[in-house]
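Hello,

Here is the structure I promised to pass on to you. Have a look at it first, and then read my notes below.

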Amino acid sequence: MTRTRLVAVAALLVLGLAYLRDPPWLGEVTSGMLRWEEDPPGTRFRWTIGRASFFVSSAATGMTLPLRAVFPGPNGRPVIVRVFVDDRWLADIELPRPEEWVQTRLPLPRTATTRRFRRIDLHISRTAVGPFILGVMTGEIRLEGPLS
Amino acid sequence: MIRWGLRYFVGFAAVCGLAGYLWLFTRDSADAPIRSDGYFYYLYAPSWLIYHDVSLEAVAQDWNGGVYPGGIERWPGTNRWLNRLPIGVAVLMMPFVIVADLLTRWSNLPRDGFSLYYQHAAALAGLAYFLVGLAVLRRTLSRYFAPAVTLWTLVAITWGTNLFHYAVYDGTFSHAFSFALVCALVELTDLWWAQPARRLTAALGLVAGLIVITRLTNGLLLALVPAWRLTSWSQVGGRVDDLWQRRGAVLAMSALAAAVVAPQLAIYKFATNHWIVNSYAPYGLGFTFLSPHLFGALFSTQRGLFFWSPVLLLAVAGAFVARGWARQVLPAAAVVFALNAWVIASWTEWQYGASYGHRAFIDSLALMAIFLAAFFTWVGERPRLVPPVAAVATLATALSVVQMIQYWLRVWPVRDTTWEQYRALFLTFR
């Protein structure tokens, strides 16, 4: 490989890495979540697995996270969803009644970041095992703040 | 033109593979690349790299509340997880998964082992090994066949069979990896018998070990090494003498292969308290050697190798007309192919689940490529036969591509296809 080609490859690598540091499409990326569905009254939701991740705008100052357990925890105990923002613990949400949607408003900490999005991770205390492994239902998240 | 085509063939296959991959995995209805058997092959990689856990317990707890979907069971007695699929694919994927892991940290994606970059790294690893396999196969064939024969053989093997499908659509399954390893086995075995250099001995030992831990039954293919280019029983004694003279290299090769296989045995011992185990036993699967489904595996509409990849019938013809080097390779290749077919057809689930064509034969396509090339050479020496054979080979390859796209569009049943279904769905795309 000539020196020119090496420099070109290195430059492409650096440009690619710079782009991937904060890509604009990250807000659409999820992990551990099944496809959107709609239950009869018209409420859109997605099932999580035992853990799930999604992204919200860094400008948001808070979010309302709708959750529904559907299946109870072991021995009828509430299902607990632990919420993390960029790997920092934010809240534990208790879902005591399986059929009820729980709308929890969570303030998002104002930490300095150069990224467009913050990562939200959910860890669910139990899963329901059938043809699929299911955690909890998540509804459409409402954001607060300048870009909400 | 032919030399140019041969030179850039692997690059062209890469472009086609990436185009197919993008088309498949950017559709709204696309499944995640890590799915089905691919999930179980891949599972070791995040367990080791991210969860620092060889027991597979951490992924079960973190993702699934302490369980797994069918495919991994707790072994009775030890209560530890036993993955029915071996570690080789995860080992071969590991460089790709490490890059994905670094990029995941860089982009602030969840370091959970299954988020965006991990999914594509695992699947593109399969595509990359398929390309490596093609490059190695080109090298082997180019040594013994004319450039035109080598080129058309590569085209037929890539698109006339289900190889391309398993590199692009199901790249997390073991077949693209096994294809590359068997191509390497053929190349290294051929070179090693010509000149037993240390680097060839080491490479052959490494590849032999990887073949076993990628797909355990492919250990059968290692019989090619001692039997390479033996053409009669009278040569067997001489071959034993040859191996004895090379005993140092044979020992080194075997030791290296054993070292590669050792972690798999250690995992079996840890999970079950046994060094060797039928990991499919919890699912009631095993071999029925006295009643193999040979017709089904080779010719049926359900899964027949030659029904779904008819261009390979030309390789069978090639076995009868092979000359020179290919003729010398034939006895070992034929015995290994026959034994392999018997093993594949004796598996309780001889259709190998949901798949396009018979996926278990992909691993040994490197052997069939030799006889396809031998057939094309024989035809090339008979100019009157060239047009009809070229037409048949082109049609068979085109049919395979069309049927692969039908499978991608979910036109075909994923298993148990009947003749009536085949006729009804032939060349339909909805």
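The accessible surface of chain A is about 8400 Å², and carbon and sulfur atoms account for 59% of it. Please keep in mind that this is a predicted model. As for what lies inside, 44% of the 148 residues in chain A are buried.

Now to the fold. Chain A contains 12 strands and 1 helix. The helix comes at the start of the pattern along the sequence, and the strands follow it. Contacts in chain A between residues at least 6 apart in sequence join residues at least 24 apart in 69% of cases.

On overall dimensions, the C-alpha trace of chain A spans about 65 × 40 × 30 Å along its principal axes. Its radius of gyration is 19 Å, whereas a compact globule of 148 residues would have one near 15 Å.

Chain A also carries 20 positive and 14 negative charges, and the mean positions of the two groups lie 9 Å apart.

You may wonder about the cysteines: how many disulfides does the structure hold over all chains? The count is 0. A disulfide is a covalent bond between the sulfur atoms of two cysteines. For B:Cys16, the closest cysteine sulfur is in B:Cys183, and because 18 Å separates the two sulfurs, they are too far apart for a bond. The cut-off for a disulfide is a pair of sulfur atoms within 2.5 Å. The surroundings of these cysteines are worth a look too: B:Cys16 is partly exposed, at 23% relative accessibility, while B:Cys183 is buried, with a relative accessible area of 1%.

Best wishes

Conventions:
Residues are numbered from 1 along each chain as its sequence is written. Chains are lettered from A and ligands numbered from 1 in the order in which they are written. This is a predicted model: local features need pLDDT of at least 70, side-chain atom pairs count only at pLDDT 80 or more; totals for chains, interfaces and linings use all residues. Side-chain values use heavy atoms; hydrogens and water are left out. Helices (H or I, at least four residues) and strands (E, at least two) are DSSP runs, numbered from the N terminus. The radius of gyration is taken over C-alpha atoms; the globule rule is 2.2 Å times the number of residues to the power 0.38. Buried means under 20% relative accessible area, exposed over 50%, partly exposed in between (1.4 Å probe, protein chains only). Contact means heavy atoms within 4.5 Å. Accessible areas come from the Shrake-Rupley method with a 1.4 Å probe; for residues, only the protein chains shown count as cover. Lys and Arg count as positive and Asp and Glu as negative; His and the chain ends are not counted. The place of a charge is taken as NZ of Lys, CZ of Arg, CG of Asp or CD of Glu.
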